[in-house]
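Q: Please take a close look at a single pocket, and then follow the elements that line it into the core and to some individual residues. A connected account would be more useful than a list.

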Amino acid sequence: MKGIPYEFIEEDVTNKSPLLLKNNPVLKKIPVLLHGEKPVSESMIIVEYIDEIWPQNPLLPNDPYERALARFWVKFIDDKCSSVWQISLAQGDELEKRVKETVDLLQTVEEHGLGEKKFFGGDNVGIADIAFGAVIHWLKIIEEIVGVKVFEAHKFPRLHEWIEHFKQLPAVKENLPDWDWIVSYFKGYREERLASA
């Protein structure tokens with residue numbers, strides 16, 4: 001989206017490299033952006049850093065109020081999306097609880113976050129779209145591996161229209177991981193985790 005050349009280094013999260021441990025010694029997890037010799041950690045912090053360093057195609061609005069709203073939705077999504085990830089390892093009553101929490105999250109965003117806009121910030125994609133787009137993408141993968149339906153078009157028509165616009169952006173379309181590979185990988189991961197629990 002910014003048109004910035006970069007090098008992607010794939011990390012085996014089950015066997016963390018010295019490079020990762022050196023550049024994220026506190027959290028010891030991905031993602032990490034290395035800008036020169038400066039490491040920046042955490043997805044949305046990285047996105048804000050990139051937006052500040054390379055101001056072309058801004059992801060945050062210029063207007064202070066609109067910028068505050070965008071940051072609010074990023075924080076809301078970050079704070080509330082744990083239920084989405086927890087669906088992947090939940091069963092029984094716990095699964096029902098996590099699905100309900102996720103439906104409530106989606107309902108809140110449907111009613112208050114997106115409104116009638118194409119993207120969270122209006123006609124252009126912004127930081128809130130990036131934050132929520134990642135959550136929805138993973139939710140679709142989790143639905144597939146767990147065998148539940150959460151993000152249904154008839155319940156969330158505006159969010160479904162929004163995600164279709166978002167997924168058609170060239171920068172998004174070209175960078176989504178292969179669906180079959182990611183589903184297969186996380187299905188195996190889920191089965192291993194549940195077997196060892």
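A: Helices (H or I, at least four residues) and strands (E, at least two) are taken here as DSSP runs, numbered from the N terminus. The model is predicted, so local features need pLDDT of at least 70 and side-chain atom pairs count only at pLDDT 80 or more, whereas totals for chains, interfaces and linings use all residues. Residues are numbered from 1 along each chain as its sequence is written, and side-chain values rest on heavy atoms, with hydrogens and water left out.

The second largest pocket holds about 290 Å³ of space. A pocket is an open set of points on a 1 Å grid over the protein atoms alone, where a 1.4 Å probe fits and protein lies on both sides within 12 Å along at least five of seven lines; lining residues have an atom within 4 Å of a point. Its volume is the space filled by probe spheres set on the points, which are joined across faces, edges and corners. There are 19 lining residues, and Pro61, Glu66, Ala70, Phe120 and Gly121 are the closest to the centre of this pocket. Helix H3 (64-80), helix H5 (92-114) and helix H6 (127-146) each contribute at least two residues to the lining, with H3 giving the most, four residues. By class, the lining comprises 11 nonpolar, six polar and two charged residues (Ala, Val, Leu, Ile, Met, Phe, Trp, Tyr, Cys and Pro count as nonpolar, Asp, Glu, Lys and Arg as charged, and the others, Gly among them, as polar).

The helices named for this lining also take part in the largest nonpolar core, a set of buried Ala, Val, Leu, Ile, Met, Phe, Trp, Tyr and Cys residues joined through side-chain atoms within 4.5 Å. Of the 46 residues in this core, Ile87, Leu106, Phe132, Leu159 and Trp162 touch the most other members. At least two core residues come from each of helix H2 (43-53), H3, helix H4 (82-87), H5, H6, helix H7 (157-167) and helix H9 (179-196), and H6 gives the most, with 12 residues. Leaving out residues up to four places away in sequence, Phe132 touches Ile77, Leu106, Val109, Phe120, Leu159 and Trp162 (contact means heavy atoms within 4.5 Å). Phe120 is thus named both in this contact list and among the residues closest to the centre of the pocket.

Phe119 sits in the loop between H5 and H6 and is buried, with a relative accessible area of 3% (buried means under 20%, exposed over 50%, partly exposed in between, for a 1.4 Å probe and protein chains only). Beyond its neighbours within four places in sequence, Phe119 is in contact with Leu114, Asn124, Val125, Asp129, Trp162, His165, Phe166 and Leu169. The C-alpha atoms of Phe119 and Leu106 are 15 Å apart, for a separation of 13 residues in sequence.

Within H6 itself lies Glu143, which is buried at a relative accessible area of 4%. With residues up to four places away set aside, Glu143 touches Val148, Lys149, Val150 and Phe151.

H6 is also met from H2, whose buried residues pack against S1 (32-35), strand S2 (38-41), H3 and H6. Those buried residues of H2 are Met44, Ile46, Val47, Tyr49 and Asp51.
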